[in-house]
Amino acid sequence: MKWLSVLGLVRVSECIVEIPLMKVNVMQETLNEKSLLNNFLKKYPYRLAQNSTRNSKMAFVPMRNFLDLAYVGNMTIGTPPQQFRVVFDTGSSDLWVPSNFCTSPACYSHITFKYWESSTYRHTTKPFEIAYGSGRIKGHLAYDTIQIGNLVSTDQPFGLSLVEYGFNGLPFDGILGLNYPNSILGAIPIFDNLKKQGAISEPIFAFYLSKGTVNGSVLMLGGVDKAYYKGELNWIPLIRVGDWRIRVDHISMKGKLIGCSGGCEALVDTGPSLINGPTRLVTNIQRLIGAMPLGPKHYVSCSTINILPSIIFTINGINYTLPAQAYILKTSQGGCFTTFKGARVFKHRETWVLGDIFLRLYFSVYDREHNRIALAQAR
């Protein structure tokens, strides 16, 4: 996707890939009832339709919204292509899927890669291990042809997991990282390879995450479709090159500061579904909205959602409002829980993670050429 300009020039005509997305964090806590996942997969078959434009450098790939907790998109590996559901994650840099030789229980419920069926597969014995907030994997590095929509990356390095912990019962097979090159595999990320090989003309991508509906979510690669947002794109410079981290001016509720009083950092991350912040500040937010702890979550009375105050993140001088209808989710049993979660505090700096709860409200654009992010009200 492409941008530039005074307000941000958008080239919708060059290389857009729209891909269905998914949410990772807190999934295991919410999906204790496996029937939820089974029913979802039966109702919405594995193969997702892929709508592509005539331009070979643009592709629109539909995504599935799983209970407002995960956004899952399809991509293929190999020749002929083998299809996988992945999370498109701005918080990591590597792509991996399960190997057919994976022995973990999680792999038996997911699609696994059969290397011997691909004529373009290239094997290595280089081992790797990746740890996420939701689990960890071990495996080895491999190379093959990867396709996302119409975009093809040849001889792309990726990981094949042989052991997985913490990924049981989740509605995706693997993860595709869209962060800067911080590869644990020691490999070039797929987005960088697509640019290097000329599959996209501009190093830009964007996310539109649907609210409450299964269909409609999109990842765009190489361009931006203005139909997915209202008004103008507001550009925010990154704090530093290396990850999608921006500066937040302050966080407020009913006109009073509740966080980030002297300015702080926030990672814009499509991996986690929640909003993570320092435990002390998150605990205060739970108290202010009357949330009560029960197990790993904090609950409020569902009847209070319409009267609970909005929480405002002021970023680069612009207020981004998060109403209670956005930061409170309902369980399948009818309970209502908050989507703020306490996290480890980084020494000497206050850091937040703006996950899907925030990004459902605000269309987000990631510009690798100019090292910036844009936000606009999502349609």
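This report walks through the fold of a predicted model, from overall make-up to a few local details.

## Ground rules

Because the model is predicted, local features need pLDDT of at least 70 and side-chain atom pairs count only at pLDDT 80 or more, while totals for chains, interfaces and linings use all residues. Residues are numbered from 1 along each chain as its sequence is written, and side-chain values use heavy atoms, with hydrogens and water left out.

## Overall make-up

The protein has seven helices and 28 strands; these are DSSP runs numbered from the N terminus, with helices being H or I of at least four residues and strands being E of at least two. Of its 379 residues, 60% are buried, meaning under 20% relative accessible area, against over 50% for exposed and in between for partly exposed (1.4 Å probe, protein chains only).

About 15,300 Å² of the protein is exposed, and carbon and sulfur atoms supply 54% of that. These areas come from the Shrake-Rupley method with a 1.4 Å probe, and for residues only the protein chains shown count as cover. Among contacts (heavy atoms within 4.5 Å) between residues at least 6 apart in sequence, 72% join residues at least 24 apart.

## Two open sheets

Strands of a sheet pair through backbone hydrogen bonds, either parallel or antiparallel. Here, two strands count as paired if DSSP finds at least two bridges between them. One open sheet has four strands in the order 16-15-21-22, with antiparallel pairing. Its edges are strand 16 (256–259) and strand 22 (318–322), each pairing on one side only. Neighbouring strands of this sheet are turned by 35° against each other on average, direction ignored. Three bridges link strand 15 (residues 250–253) with strand 16, and M253 has K256 as its bridge partner. Helix 5 (residues 279–288) lies across strands 15, 16 and 21 (311–315), running at about 130° to strand 16; axes are lines fitted to C-alpha atoms, for helices over the stretch in contact, and angles run from 0 to 180 degrees between N-to-C directions.

Another open sheet of four strands follows the order 19-20-24-23, and its pairing is antiparallel. Strand 19 (292–294) and strand 23 (328–330) are the edge strands, each pairing on one side only. The twist averages 45° from one strand to the next. Strand 20 (residues 297–300) is joined to strand 24 (residues 336–338) by two bridges, with V300 opposite C336.

## An enclosed strand

Strand 27 (residues 362–367) is largely enclosed by the rest of the structure, because six of its six residues are buried. Both faces are covered: Y362, S364 and Y366 lie on one side, and F363, V365 and D367 on the other.

Strand 27 runs antiparallel to strand 11 (residues 204–208), to which four bridges join it; F207 stands opposite S364. Strand 27 also pairs in the antiparallel sense with strand 28 (residues 372–378), over six bridges, and there Y366 faces I373. The hairpin of strands 27 and 28 has four residues between the strands, and N371 takes a positive phi near 50°.

## Helix 4 and K195

K195 sits in helix 4 (residues 190–196) and is partly exposed, at 34% relative accessibility. Leaving aside neighbours within four places in sequence, K195 is in contact with I200, S201, E202 and P203. K195 and G222 are 27 residues apart in sequence, and their C-alpha atoms are 8.8 Å apart in space.
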